[in-house]
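Work through the following exercises with the sequence and the model at hand. Each task is followed by a solution in steps.

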Amino acid sequence: MPDANTALLAARPSQTRLSTDTLRRLPPAVERPAYDRAAVTPGIVHIGLGAFCRAHLATYTDDVLAAGEKDWGIVGVDPLSPAIRDALKPQDCLYTLLVREGTRDRLRVVGSFLDAMATGDQLEEVLALTAKPEIRIVTLTVTEKGYCQDAATGSLDEAHPLIRADLAAPTAPRSVPGLLCEAIRRRRAAGQPPFTVLVCDNLAQNGIKVKGIVVRYAELRDPELAAYIAENVSFPCTMVDRITPATQDADRATVDAALDCADAWPVVTEPFKQWVIEDRFPLGRPAWEKAGAILVDDVHPFELMKLRCLNGAHSLLAYLSVISGIETIADAMTDPQLPAIMHRLWASDLIPTLPPVPGTDIPAYTAALEARFRNPGIRHRTIQISSDGSQKLPPRLLEPARELFAAGKAPAVIPLAVAAWMRFLLEKDEAGNAYVVADPMAAGLTRIARVHAGDPGALAAALFAIEDIFAPELVAEAGFRDAVVRHLDRLMTVGVAGTLTAFLANP
Ligand code: CS2
């Protein structure tokens, strides 16, 4: 998520700013666009300008532009705040990617963003752009909650305040489903065939789900438009992967020193990246395979593997770490017990739910994941990963738990992860330090936690009753409920270390 940057920018010493002009003066070790940016035209509108898309989509596209495809530049659109636009515009939308492996840094200035906009004050410009024939793909990274979904079912949350507001004023949308629907409507009215919508967020079957959300929103607005979208707009599914923590001030200082000029919003990331995409682009696409993307007919096995093994392990580690005061994932990996718990999660609860993944050896995949988590150059804060648990737990951990019960088995570690999330809602770690629970449902969740702080059974029961998070079939499993309450009780009485010792001795 974007962090507040404007105050910081104002406070910085006046230093030459990264820009087209200063590009050629950068130290030779800094990679830069190997193509003439002035000759590139936009083909993609990207919604959501956070760090992730700038480490992922933008670098794949940068490579494709360098390979000679000139009509796939990106225009970035921020639907939340103008902060990143305002940081990028004065530097001609250039920014630095700091790729860290341990103590080794590689710097690369990325050139694939041609322009940046914000819907807050440029909505009409954005909608005029997405109606133009040269825009053939709209990509999105707006996080799980950006789609206004009911996380347990993945369908549109029709009571969501932004959705209600958009249905009352549909030509001036503020929600992502409302924006997509209006953009598709205006483009159709302009006589253009629809762009492809490429959802790059961590939802299971992300294209299918978001198409369902947009079609449902459109049904509530105009059933004829809904039928048009259902029949004509392609939403390929995709699996995206690159660990990209929020930029910290120390990263800005590192980049500025290495560049000898100021970059208002660099991005820090790991060397690894993976992108698996369903090849359904009626108006064409960049040859992303030239940059290493894998184009397939069915993304689902890849996406389940990544959502469960990577993101599921992240969530488990994040909640146990925040409550025990461990700041980063790399630190969690040096804990005497957490790596063992993560291995159990993979082996007993997650890997058994995966279908065969083409060309992939799962033990090699999880070994590589562990090495990525251990990368000491990446300070991925556990509090950042702990955000939006109401949206993240269902696809990462609750769905595999439900599948295990349906197959007559019981998850061993998922109940512990769920209990850790419940304990996390108490807003204080074991040393008594307060932290903020960031979640679209935070107000209700923390209120429940405060009311039942002394009673694990009542706390779990009140949270289980939230159907937007917990599917009733899962909560109906006494084995699940009892295990969560048992772990929550231990976490609240003996703490994380004691709970993990007991668990590892007797799972
Ligand atoms: C993380 C992801 O913040 C989180 O919830 O699990 O951002 C994760 O780092 C990415 O999906 C990696 O591709």
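**Exercise 1. The two domains**

Task: In this predicted model, find how far apart the C-alpha centres of domain 1 and domain 2 lie.

Solution. Step 1: take the bounds from the domain assignment, which gives domain 1 as 2-296 and domain 2 as 300-505. Step 2: the C-alpha centres of domain 1 and domain 2 are 29 Å apart. Step 3: turn to the contact between them, to which domain 1 contributes 34 residues and domain 2 contributes 32 residues.

**Exercise 2. The largest cavity**

Task: State which residues line the largest cavity and explain why it lies where it does with respect to the domains.

Solution. Step 1: the whole structure holds four cavities of 30 Å³ or more. Step 2: the largest cavity has a volume of about 60 Å³. Step 3: its lining consists of Asp-201, Asn-202, Leu-203, Asn-206, Thr-238, Met-239, Val-240, Glu-303, Lys-306 and Leu-307. Step 4: sorted by class, the lining has four nonpolar, three polar and three charged residues. Step 5: at least two lining residues come from β10 (238-241), and at least two from α12. Step 6: because domain 1 (2-296) and domain 2 (300-505) both give residues to the lining, the largest cavity lies between them.

**Exercise 3. Asn-202**

Task: Place Asn-202 in the chain and describe its side-chain polar contact with Lys-306.

Solution. Step 1: Asn-202 sits in the loop that runs between β9 (196-199) and α9 (206-221). Step 2: the side chains of Asn-202 and Lys-306 make a polar contact of 2.8 Å. Step 3: beyond the neighbours within four places in sequence, the contacts of Asn-202 are Glu-144, Val-240, Lys-306, Leu-307, Asn-311, Pro-395 and Arg-396. Step 4: link this to the previous exercise, where Asn-202 and Lys-306 are both among the residues lining the largest cavity.

**Exercise 4. The second largest pocket**

Task: Determine which element gives the largest share of the lining of the second largest pocket.

Solution. Step 1: the second largest pocket encloses about 350 Å³ of space. Step 2: it is lined by 25 residues, of which Ala-152, Lys-209, Pro-394, Pro-395 and Glu-399 are the closest to its centre. Step 3: the elements giving two or more residues to this lining are α12 (300-324), α17 (389-406) and α21 (472-475). Step 4: α17 has the largest share, with seven residues. Step 5: by class, the lining has 13 nonpolar, six polar and six charged residues. Step 6: domain 1 (2-296) and domain 2 (300-505) each provide at least three residues of the lining.

**Exercise 5. Two helix residues**

Task: Decide whether Phe-373 is buried or exposed, and do likewise for Ser-321.

Solution. Step 1: Phe-373 belongs to helix α15 (residues 362-374), while Ser-321 belongs to helix α12. Step 2: apply the cut-off for buried, under 20% relative accessible area. Step 3: Phe-373 has a relative accessible area of 3%, so it is buried. Step 4: Ser-321 has 0% relative accessibility and therefore also counts as buried. Step 5: list contacts, leaving aside neighbours within four places in sequence. Phe-373 touches, among others, Ile-243, Leu-310, His-314, Met-342 and Trp-346. Ser-321 is in contact with Ile-326, Ala-332, Leu-338 and Thr-382. Step 6: for Phe-373 and Gly-359, the separation is 14 residues in sequence and 22 Å in space, C-alpha to C-alpha.

Definitions and conventions:
Residues numbered from 1 in each chain as written. Predicted model: local features only at pLDDT ≥ 70, side-chain atom pairs only at ≥ 80, totals over all residues. Heavy atoms only, no water. 1 Å grid on protein atoms, 1.4 Å probe; cavity = no way out; pocket = protein on both sides within 12 Å on 5 of 7 lines; lining within 4 Å. Points joined across faces, edges and corners; volume = space filled by probe spheres on them. Helix = DSSP H or I, 4+ residues; strand = E, 2+ residues; numbered from the N terminus. Nonpolar A, V, L, I, M, F, W, Y, C, P; charged D, E, K, R; others polar. Domains from an automatic or database assignment. Polar contact = N/O pair within 3.5 Å; in protein donor to acceptor, adjacent residues only side chain to side chain. Contact = heavy atoms within 4.5 Å. Buried < 20%, exposed > 50% of the residue type's maximum accessible area, 1.4 Å probe, protein only.
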